[in-house]
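Dear colleague,

I am passing on the structure we spoke about, with the sequence beside it. Please have it open while you read the notes underneath.

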Amino acid sequence: MQRIIIVSNRLPVSLDFSGEKVDITSGIGGLATGMKSVHQDRESLWFGWPRYSPRDMNKHKLEETENLLRKNKCSPVYLEKKDIDNYYYGFSNRTLWPLFHYFMQYTEYKTEYWESYKKVNRIFADTIAKEITENDIVWVHDYHLLLLPAMLREKFPDLGIGFFLHIPFPSYEVFRLLPWRNELVEGMLGADLLGFHTYDYERHFRSCAHRLLGYDADFNTIKMDTREIKLDVFPMGIDYEYFENAANEKRNRSVKDKTDIQREIDRYFLSAPDRKLIISIDRLDYSKGIPNRLWAFERFLEKYPEYLEKVTLMMLATPTRSNVPQYQKMKQEVDELVGRINGKYGGINWTPIWYFYRALPLDRLIELYLASEIALITPVRDGMNLVAKEYLASKPDNKGVLILSEMAGSAKEMSEAIIINPNNMDEIADSIVEAINMPVEEQIARNKILKNRLKRYNVNKWATDFLRALKDQTAYKATYKPKNIKATKFHIFKKYKKAKKRILFIDYDGTLTHFKKDPKKAMPDKNLYLLLDHLSSDPKNEVVIVSGRDKNTIDNWFGNRKFKLVAEHGSWLYKNNKWQRFREMNDEWKEIFEPIFQWYVDRTPGSLYEEKDYSLTWHYPNSDPELGKNRSIELKDEITSLIANHDLEIMEGKKVIELKSSGINKGQAALYYLADNSYDFIMAIGDDWTDEYIFHELPKSAYTIRVGSINTEARYFIDGVDAVRDFLKELSKQKV
Ligand code: ADQ
């Protein structure tokens, strides 16, 4: 069975050093609970920051602690205090957290935070790399480690890597504000599977990958040069049974077994039985909409005075990140608001808001869930929000009303709750009235549907679903047809050396030079000439440059060299020292299509039109990627309906649509060169769709190599232009 490596910022355990022996307890956070079954029941190892420094203890204590962690299947990633300050409190909490929750005004863009974030992600990668093998499967969690998937990928090209984001992924317009946006997206794309709570977060990520880095997505798959990355939605659930069982047990307690909290609440209801209790529980974070909730509650008291003395809001806020100024400010604001509302409306017999600023053990939380008729959850932005789910699971009699913000990820799967906009105070005030007056039968009917869903898709299912998808994606990866050239290159060198007569078909753009945004700027450089001259100086070699460019450009660049040349995808061949047509063609059709191409240039900023002897081309590498893609589909549709009576075909390359005489392609040109010779070593390298014609036409024994992409007929793939050049350089040195 594959071992599962879990990685998160913190380890899922707490260590207590106060006694003689170190004590360890398992964490109760959502992540620790969620991953419990995966971590405990399978072969696994969890990497994270252990919250102690090895410097603070002697050798013996350290050994004891590390052994204890190891026994609990945990492996520490040690971080220096300065890095914790800059990577965790800095970049994670003051840059990514606010920006991803749409608090642009709180986002700090500090280079030292970013440098530390990179460094710590690298420390995680290095620590993990020491202990894992390519046969393991890795699951990385959350926004603290966005760069880690790519860093691990660098070290383990075939490793199965999954990543799950627990917070929202913001829309492109917000994400683009980050100076390090491209690096972060590239970092995440090191994974094979990227999981999000909702479809919105998934599509925001897809749009960022497309708009920032130009990666195309096909449905929910992002296609990179040599890999495919699957994106999917896995809405995180809770340990449903735990809450249900605990609530049931508490409900049936005799008076003497009740806890202080339960007694306190009983007293509250005893004094006035028709009173209602509203609960709200969250970390005191600006994303949770706590001030909004208080304003809305005040609006409710003001608008509906008949409920004065009849309703109490019990607000529990857990202290969090209290060293960050915005949190301190918000704490002050909340304190003042609570004071003002209680002062204005409260009396001797009744306090409108009971406010507790502290963390409570899970058991006490369940008692509160159980006792309150209404849960008021109003985040202004929340990745998922588990409290909403926990509240319902803790209602054994199915009574209770959930009021939930539409800005929480959980609202997507909880439409039977009362869904509100957290910025609409009147709507929230009205929803409280609706909740108070909701008939019990309706409460039960709504909650049954909600709870069924929570029970089915619990946290265990969430974790196993994610892992299954990750394993599927990893297995699928292994079936990619072409193999990395790295693994076979020595075999190819051997064959090359033995051969007496060789022919090498080499594409130009994207294969020998980087794909340039401006297609006019991709001139060959000095090193490229040296390389090609060296290859073609071997009398056993025939080098053929096979390009889609017009013949004049190819002639300018290579006309005086020793190679053979193909231009315009095979329309022109350079033979016997002059350019010749592949076959006779007419170009009268061009006048019909030229205005159409021109029209697309006018309507698509950044695109350009190129006329070659036997083709018309529309390029859009500099256009907005989405607009370009849409227009390319429109253009293709439009010309497809018009080419029926002409001997024409449409070719689609990287950010280009070309219309040209049919039956002419690079494959036909390659066959032409092969016809009158008996080569015993045939090789072709190319990077796009047009080169597939060559791969298709060459004999099976040929070495066909695609630069990047995995959708190919080629037998091998190679990583990129630099790798092609290195490979050809090594090849040219192979002499008998
Ligand atoms: P959080 O922002 O922490 O999590 P949430 O999903 O609501 O938000 O989880 C909070 C957890 O803390 C709950 O399990 C709750 O029981 C507990 N809790 C809250 N207040 C408490 C208190 N006073 N005392 C004790 N425990 C308390 C992040 C994202 C969320 C996402 C989760 C999981 O911000 O959007 O749902 O991760 O992916």
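The notes below go from the whole chain to the ligand and then to some single residues.

Please keep in mind throughout that this is a predicted model, and that the values given here were computed from it.

The chain as a whole

The chain has 736 residues, of which 58% are buried, and its secondary structure comes to 26 helices and 30 strands. Along the principal axes, the C-alpha trace spans about 105 × 70 × 40 Å, while the accessible surface of the chain comes to about 31700 Å², with 50% of that belonging to carbon and sulfur atoms. If one takes the contacts between residues at least 6 apart in sequence, 72% of them join residues at least 24 apart.

The domain assignment gives domain 1 (4-233), domain 2 (240-456), domain 3 (482-583 + 664-736) and domain 4 (586-662), so you will see that domain 3 is written as two segments. The contact between domain 3 and domain 4 takes 20 residues from domain 3 and 20 residues from domain 4, and the centres of these two domains, taken over C-alpha atoms, are separated by 26 Å.

The ligand and its shell

Which domains supply the residues around the ligand? Domain 1 (4-233) and domain 2 (240-456) each contribute at least three residues to the shell. As for secondary structure, at least two residues of the shell come from each of strand S12 (276-283), strand S13 (311-318), helix H14 (362-371) and helix H15 (387-393). There are 21 residues around the ligand, and those that come nearest are His166, Thr318, Asp382, Met384 and Glu390. By residue type, the shell divides into eleven nonpolar, five polar and five charged residues.

Three polar pairs may be worth displaying when you look at the ligand. In one of them, a polar side-chain atom of His197 lies 3.0 Å from an oxygen atom of the ligand. The other two involve the backbone, with a polar backbone atom of Met384 at 2.7 Å from a ligand oxygen atom and a polar backbone atom of Leu386 at 2.8 Å from a ligand oxygen atom. The ligand taken alone exposes 710 Å², and the protein buries 85% of that area.

Two residues with a positive phi

Between Met384 and Leu386 in the numbering comes Asn385, which is not a glycine and yet has a positive phi of about 85 degrees. Asn385 sits in the loop between strand S15 (374-377) and H15, and because its relative accessible area is 8%, below the 20% cut-off, Asn385 counts as buried.

Glu568 is likewise not a glycine, and its phi is positive at about 50 degrees. The loop that holds Glu568 runs between strand S21 (564-567) and strand S22 (572-575). Is Glu568 buried or exposed? With a relative accessible area of 2%, Glu568 is buried.

Other buried residues

Glu416 is placed in the loop between strand S16 (401-405) and strand S17 (418-420), and it counts as buried because its relative accessibility is 17%, which is under 20%. Not counting residues up to four places away in sequence, Glu416 touches Arg446, Ile449, Leu450 and Arg453.

Pro524 belongs to the loop between strand S19 (502-507) and helix H20 (526-537), and at 10% relative accessibility Pro524 counts as buried too. Once its neighbours within four places in sequence are left aside, the residues in contact with Pro524 are Tyr508, Tyr529, Trp557 and Phe558. For a sense of distance across the model, the C-alpha atoms of Pro524 and Glu249 are separated by 77 Å, with their positions 275 residues apart along the chain.

Ala246, finally, is found within helix H10 (residues 240-251), and with a relative accessible area of 13% Ala246 is buried. From the C-alpha atom of Ala246 to that of Ile705, which is 459 residues apart from it along the chain, the separation is 61 Å.

With best wishes

Technical notes
Residues are numbered from 1 along each chain as its sequence is written. This is a predicted model: local features need pLDDT of at least 70, side-chain atom pairs count only at pLDDT 80 or more; totals for chains, interfaces and linings use all residues. Side-chain values use heavy atoms; hydrogens and water are left out. A residue is near a molecule or strand if one of its heavy atoms lies within 4 Å of it. A polar contact is a pair of N or O atoms within 3.5 Å; within protein, one must be able to donate a hydrogen and the other to accept it, and residues adjacent in sequence count only if both atoms are side-chain atoms. Accessible areas come from the Shrake-Rupley method with a 1.4 Å probe; for residues, only the protein chains shown count as cover. Helices (H or I, at least four residues) and strands (E, at least two) are DSSP runs, numbered from the N terminus. Ala, Val, Leu, Ile, Met, Phe, Trp, Tyr, Cys and Pro count as nonpolar, Asp, Glu, Lys and Arg as charged, and the others, Gly among them, as polar. Domain bounds come from an automatic or database domain assignment. Buried means under 20% relative accessible area, exposed over 50%, partly exposed in between (1.4 Å probe, protein chains only). Contact means heavy atoms within 4.5 Å.
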